[in-house]
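Got your viewer open? Let's take a walk through this model together, one selection at a time.

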Amino acid sequence: MKLNEAINLAKQVIKFSYSPYSKIRVSAVLITKDGKMYHGVNIENASYGLTICAERVAIFKAISEGKRDFLAMIIYSPDVLPFPCGACRQVMAEFFSPDTKIIIIRENREGKEKVILKFDDLFPSKYSFKIKRN
Ligand code: ZN
């Protein structure tokens, strides 16, 4: 897995975060099973509810290019330890497998924190509306 490459990409693209309201910059990099990487940043809006998180930007970019199989997601911020919000967890539940790795990193000049979880541990009780077909 291209983990270090993905972490470096997350740090590179953090400059694209559009976060004038919260001042919290977040980037996400999704790694597909075929080795591709899709990145996103948080994009805020003056009408706060229209803001979209970095994780969903990355997921929607990958899905819209036909990707469905994901190995891992890096979520990076220099400002906070960026655990994903409930909306992002639910979007992840649609596409991630229970063992998709979630790597959450806060890193800046003062130090570094890193949390590594399986998606199922991050979000064990998922809303699901999957219809069983025989
Ligand atoms: Zn979110």
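Before you click on anything, one term: a residue is called buried when its relative accessible area is under 20%, exposed when it is over 50%, and partly exposed in between. Keep in mind, too, that this is a predicted model.

**Stop 1: Ala54**

Select Ala54, which sits in helix 2. Buried or exposed, what does Ala54 count as? Its relative accessibility is 0%, and buried means under 20%, so Ala54 counts as buried. Now show what surrounds it. Setting aside residues within four places in sequence, Ala54 is in contact with Val26, Ser27, Ala28, Gly40, Val41 and Asn42. You can also draw a distance from Ala54 to Cys88: the two are 34 residues apart along the chain, and their C-alpha atoms are separated by 9.0 Å.

**Stop 2: the rest of helix 2**

Widen the selection to helix 2, residues 54-64. How many of its residues are buried? The count is 8 of 11, so this helix is mostly covered. The buried ones are Ala54, Glu55, Arg56, Val57, Ala58, Ile59, Ala62 and Ile63. Colour them, then look at what lies over them: the cover includes strand 1, strand 2, strand 3 and helix 3. After the helix comes Gly66, with a positive phi near 90 degrees.

**Stop 3: the zinc ion**

Next, select the zinc ion. Which atoms coordinate it? They are the SG atoms of Cys53, Cys85 and Cys88, at 2.3 Å. Along the sequence, these donor residues follow the spacing C-x31-C-x2-C. Cys53 is in the loop between strand 2 (37-41) and helix 2, while Cys85 is in the loop between strand 3 (70-77) and helix 3 (86-95), so this pair ties together parts that are 32 residues apart in sequence. Check how open the two are: Cys53 is partly exposed, with a relative accessible area of 22%, and Cys85 is also partly exposed, at 30%.

**Stop 4: helix 3**

Cys88, one of the zinc donors, is also among the buried residues of helix 3. Select the others with it: Arg89, Val91, Met92 and Ala93. What do these buried residues pack against? Show helix 2, strand 3, strand 4 (101-108) and helix 4 (119-122), and you have the answer.

**Stop 5: the largest pocket**

Switch on a surface and look around Val26, Cys53, Glu55, Phe83 and Cys85, the lining residues that lie nearest the centre of the largest pocket. Two of those names, Cys53 and Cys85, you met at the zinc ion. The pocket has a volume of about 210 Å³, and 14 residues line it. How does the lining divide? It has 9 nonpolar, 3 polar and 2 charged residues.

**Stop 6: Phe83 and Val115**

Stay with Phe83, in the loop between strand 3 and helix 3. Phe83 is partly exposed, with a relative accessible area of 38%. Leaving out neighbours within four places in sequence, its contacts are Arg89, Ile104, Val115, Leu117 and Leu122. For a longer look across the model, draw a line to Ser125, which is 42 residues away in sequence and 16 Å away in space, C-alpha to C-alpha.

Now hop to one of those contacts, Val115. Val115 belongs to strand 5 (residues 111-118) and is partly exposed, at 22% relative accessibility. Beyond its neighbours within four places in sequence, Val115 is in contact with Leu81, Phe83, Ile102, Ile103 and Ile104. Its C-alpha is separated by 6.6 Å from that of Ile105, 10 residues apart along the chain.

**Stop 7: Thr32**

Select Thr32 in strand 1 (residues 27-32). Thr32 is buried, with a relative accessible area of 1%. Which side chain joins Thr32 in a polar contact of 2.4 Å? It is the side chain of Asp34. Not counting residues up to four places away in sequence, Thr32 touches Tyr38, Lys67, Asp69, Phe70 and Leu71.

**Last stop: Lys23**

Finish at Lys23, in the loop between helix 1 (3-13) and strand 1. At 57% relative accessibility, Lys23 counts as exposed. Look at its backbone as well: most residues other than glycine have a negative phi. Phi of Lys23, however, is positive, near 65 degrees.

Definitions and conventions:
Residues are numbered from 1 along each chain as its sequence is written. This is a predicted model: local features need pLDDT of at least 70, side-chain atom pairs count only at pLDDT 80 or more; totals for chains, interfaces and linings use all residues. Side-chain values use heavy atoms; hydrogens and water are left out. Donors are N, O and S atoms within 2.8 Å of the metal (3.2 Å for Na, K and Ca); water is not among the atoms, so sites may look incomplete. Helices (H or I, at least four residues) and strands (E, at least two) are DSSP runs, numbered from the N terminus. Buried means under 20% relative accessible area, exposed over 50%, partly exposed in between (1.4 Å probe, protein chains only). On a 1 Å grid over the protein atoms alone, a cavity is a set of points where a 1.4 Å probe fits but cannot get out, and a pocket is an open set with protein on both sides within 12 Å along at least five of seven lines; lining residues have an atom within 4 Å of a point. Grid points are joined across faces, edges and corners, and a volume is the space filled by probe spheres set on the points. Ala, Val, Leu, Ile, Met, Phe, Trp, Tyr, Cys and Pro count as nonpolar, Asp, Glu, Lys and Arg as charged, and the others, Gly among them, as polar. A polar contact is a pair of N or O atoms within 3.5 Å; within protein, one must be able to donate a hydrogen and the other to accept it, and residues adjacent in sequence count only if both atoms are side-chain atoms. Contact means heavy atoms within 4.5 Å.
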